[in-house]
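Biologist: Hey, I've just opened this one and I'm new to it. Could you walk me through it?

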Amino acid sequence: MSPENAMPPLEAHPGQLMAGFRIETLRTAGAEIHVAIGGSGPPLLLLHGNPLTHVSWHRIAPTLARSFTVVAPDLRGYGDSSKPDGGEDHAAYSFRAMGRDNAEIMTQLGFDTFQVAGHDRGARVAFRMALDFPDRVTRLCALDIIPTYNLLSNVTLGWGLESYHWFFMAQKAPFPEKLIGADLDYYINYKLNKKGVGLSIFAPEALAEYARCTTQEQIHAVCEDYRATVTLDYAFDTADFQAGRRIACPVLVLWGSNSHVGRHLKPIEAWGQWADDLAGWAVPTGHYPAEERPDLIYAALWQFFSGATPRPA
């Protein structure tokens with residue numbers, strides 16, 4: 001890759017989402033995945049969080065695409081991807097199932113190995129992919145999480161109060177679906193309006209897209225995601241932790257100093273129990289760093305995925 005001083009300047013595309021990307025729908029063994037693809041160069045998979053879609057990367061993906069082939073899907077159950085039945089054990093919405101979707105996508109696009117960045121739920125998918133596909137994932141960047149095992153094994157009052165939805169959405173169907181579905185517009189605005197940050201960090205067109213995708217079907221899928229997390233995903237991660245499994249590739253961890261992660265958790269300490277080649281730091285944002293401070297997130301991702309030593313700005 002190019003030396004660090006050749007990093008392209010971050011470009012703004014006001015009023016546009018994922019400027020220059022093409023859209024495809026790719027079928028995997030368990031879902032149909034809506035994917036935005038752009039650029040050229042080494043493959044870079046970008047995985048979004050809840051309650052978002054692939055457009056959460058819109059402020060940095062077009063510039064990253066000047067150096068990488070950027071692949072940004074909607075996770076199964078989210079956005080315009082399909083929303084399969086979760087099954088009695090919710091296995092269709094485990095991070096393992098989502099990881100397999102994305103591994104299959106990268107195979108279909110011709111990439112045997114790739115780098116991956118994930119935010120929130122997407123970072124948990126990326127974590128699982130790094131363990132399940134160690135021969136394919138060459139670098140991992142996680143935004144604003146600690147691993148699921150560490151989180152659920154050490155729940156604190158402060159984190160629990162800010163992250164109520166983990167346990168609310170994991171309740172038996174259709175209880176959370178009915179309550180959330182009573183006013184979807186209220187729900188999505190409340191969910192995105194993080195403490196001390198507000199909604200002004202989001203582009204109006206991105207907010208409109210998140211609202212469009214907040215449907216009864218997506219809410220059920222998201223609830224299935226959280227049901228899988230507190231059961232299957234936690235069990236998978238616990239087994240791996242107890243077996244001493246570790247992430248083989250380099251890992252970069254970034255978190256918002258004004259997010260629930262920054263306020264209540266110790267990311268480097270938690271990730272250090274899984275990764276030897278580890279770097280990371282807090283950025284002055286809330287829970288949506290790529291939309292609040294794209295300048296900082298773009299620079300860190302470009303450096304890390306170009307093979308340079310990432311450094312705080």
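Modeller: Sure, let's start with the whole chain and then zoom in.
This is a predicted model, where local features need pLDDT of at least 70, side-chain atom pairs count only at pLDDT 80 or more, and totals for chains, interfaces and linings use all residues. Residues are numbered from 1 along each chain as its sequence is written, and side-chain values use heavy atoms, with hydrogens and water left out.

Biologist: How many helices and strands does the protein chain have?

Modeller: The protein chain has 14 helices and 8 strands. Those are DSSP runs numbered from the N terminus: helices are H or I with at least four residues, strands are E with at least two.

Biologist: And what's the radius of gyration of the protein chain?

Modeller: It's 18 Å, which agrees with the value near 20 Å for a compact globule of 313 residues. The radius is taken over C-alpha atoms, and the globule rule is 2.2 Å times the number of residues to the power 0.38. The C-alpha atoms fill a box of roughly 55 × 45 × 40 Å along the principal axes.

Biologist: What share of the residues is buried?

Modeller: 58% of the 313 residues are buried. Buried means under 20% relative accessible area, exposed means over 50%, and partly exposed is in between (1.4 Å probe, protein chains only).

Biologist: Let's switch to strands. Why is β2 largely enclosed?

Modeller: Strand β2 covers residues 32-39, and 6 of its 8 residues are buried, so the rest of the structure largely encloses it.

Biologist: Which strands does β2 pair with?

Modeller: One is β1 (residues 22-27), antiparallel over 6 bridges. Another is β4 (residues 69-73), also antiparallel, over 5 bridges. Two strands count as paired if DSSP finds at least two bridges between them.

Biologist: What joins β1 to β2?

Modeller: A hairpin, through 4 residues. R27 has E32 in β2 as its bridge partner. On the β4 side, A36 is bridged to A72.

Biologist: New topic: where does Y190 lie?

Modeller: Y190 is in helix α8 (residues 184-192). Y190 is partly exposed, with a relative accessible area of 48%.

Biologist: Okay, and V155?

Modeller: V155 is in the loop between α4 (148-152) and α5 (157-162). V155 is partly exposed too, at a relative accessible area of 41%.

Biologist: How many Å separate the C-alpha atoms of V155 and S81?

Modeller: They are separated by 32 Å, and the two residues are 74 residues apart along the chain.
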